[in-house]
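Grab your viewer and work through these exercises one at a time. Each has a short task and then a solution in steps.

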Amino acid sequence: MIVRPLLLLALLLTLTACSNLHQRETLEFGGDAAAWNAHRKAVDPLDSWTLQGKLGVKAPSESGSGTVLWLQQRDYYDIRLSGPLGRGATRIQGDDRGVTLDIAGQPTLTAESAEDLLEQQIGWRLPVENLLWWVRGLPAPDSPSRLQLNPDSRLARLAQAGWTVEYSRYQEVEGVQLPQRLQLSGHDMLLTLVITRWEPRRRP
């Protein structure tokens, strides 16, 4: 019969695709790989949310803190920062077509990369594209990463794209564990994000 070989081929292709998806990840130690994969599968569909929290920034030339309101709707994000570094209100909007930056009292600016635009205009980097993943406690899929898990098989530390992300607290939201406090270090900067409210929305 030809059906069984075709089914075996389909299964092999599926397993190969799953393997290729995560082949850039290196799991160094801690936790349980099976539990981590189950957690990832539960969190990955959360591609839309409202998030509120506090952001602290330490850089060689200046430092400060403020609040963040983050609205995510699949590929579109709207991140509003109030107060960090004494710059007043800052709004970053973007999708796969580009990024818009609004800083209080200044003209609206556009670019292809949020990270480059922020560095040019306010002098410090915010890895927005990767943060879309890191804020959920997941590595971004498009570059190599090194993962360390905590005893609950959640991310404890992530090294990716020149940044190290450390997760010290999680909170349960709608049946899944999501980060509550994370710290990013890299590019001569230290960013601390404390999330005070998560409102995730799952894909149907």
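**Exercise 1. Find the neighbours of tryptophan 49, then place the residue in the fold.**

Step 1: list the contacts (heavy atoms within 4.5 Å). Leaving out residues up to four places away in sequence, tryptophan 49 touches Trp70, Leu71, Gln72, Leu132, Val135, Arg136, Trp198, Glu199, Pro200 and Arg201.

Step 2: before going on, know what you're looking at. This is a predicted model, where local features need pLDDT of at least 70 and side-chain atom pairs count only at pLDDT 80 or more, while totals for chains, interfaces and linings use all residues. Residues are numbered from 1 along each chain as its sequence is written, and side-chain values use heavy atoms, with hydrogens and water left out.

Step 3: assign the element. Helices (H or I, at least four residues) and strands (E, at least two) are DSSP runs numbered from the N terminus. Tryptophan 49 sits in strand E2, residues 48–58.

Step 4: check burial. Buried means under 20% relative accessible area, exposed over 50%, and partly exposed in between, using a 1.4 Å probe and protein chains only. Tryptophan 49 is at 2%, so it counts as buried.

Step 5: take one distance. Leucine 71 is 22 residues from tryptophan 49 in sequence, yet their C-alpha atoms are 6.0 Å apart.

**Exercise 2. Describe the chain as a whole.**

Step 1: count the elements. You should get four helices and 12 strands.

Step 2: work out the buried share. The chain has 204 residues, and 41% of them count as buried.

Step 3: look at contact range. Take the contacts between residues at least 6 apart in sequence: 44% of these join residues at least 24 apart.

Step 4: compute the accessible surface (Shrake-Rupley method, 1.4 Å probe; for residues, only the protein chains shown count as cover). The total is about 11000 Å², with 52% belonging to carbon and sulfur atoms.

**Exercise 3. Which residues touch the most other members of the largest nonpolar core?**

Step 1: build the core, a set of buried Ala, Val, Leu, Ile, Met, Phe, Trp, Tyr and Cys residues joined through side-chain atoms within 4.5 Å.

Step 2: rank its 47 residues. Trp70, Tyr77, Ile92, Trp134 and Leu191 come out as touching the most other members.

Step 3: zoom in on tryptophan 70. Beyond four places in sequence, its contacts include Trp49, Tyr77, Ile79, Leu131 and Val135.

**Exercise 4. Hunt for empty space.**

Step 1: set up the search. Rolling a probe the size of a water molecule over the atoms shows where empty space is left. On a 1 Å grid over the protein atoms alone, a cavity is a set of points where a 1.4 Å probe fits but cannot get out; a pocket is an open set with protein on both sides within 12 Å along at least five of seven lines; lining residues have an atom within 4 Å of a point. Points are joined across faces, edges and corners, and a volume is the space filled by probe spheres set on them.

Step 2: cavities. There are two of 30 Å³ or more, and the largest holds about 120 Å³. Its lining includes Trp70, Ile79 and Leu191. Strands E3 (63–73), E4 (76–82) and E12 each give two or more residues to that lining.

Step 3: classify. Ala, Val, Leu, Ile, Met, Phe, Trp, Tyr, Cys and Pro are nonpolar, Asp, Glu, Lys and Arg are charged, and the others, Gly among them, are polar. The lining of the largest cavity has 10 nonpolar, no polar and no charged residues.

Step 4: pockets. The largest has about 320 Å³ of space. It's lined by 18 residues, and Gln72, Arg74, Asp75, Tyr77 and Leu132 are the closest to its centre. Classed the same way, the lining divides into five nonpolar, two polar and 11 charged. Helix H4 gives the largest share, three residues.

**Exercise 5. Where are the positive phi values at glutamate 174 and histidine 187?**

Step 1: recall the background. Most residues other than glycine have a negative phi.

Step 2: glutamate 174 has a phi of about 50°, in the loop between E10 and strand E11 (176–186). Its relative accessible area is 54%, so it's exposed.

Step 3: histidine 187 has a phi near 55°, in the loop between E11 and strand E12 (189–201). At 40%, histidine 187 counts as partly exposed.
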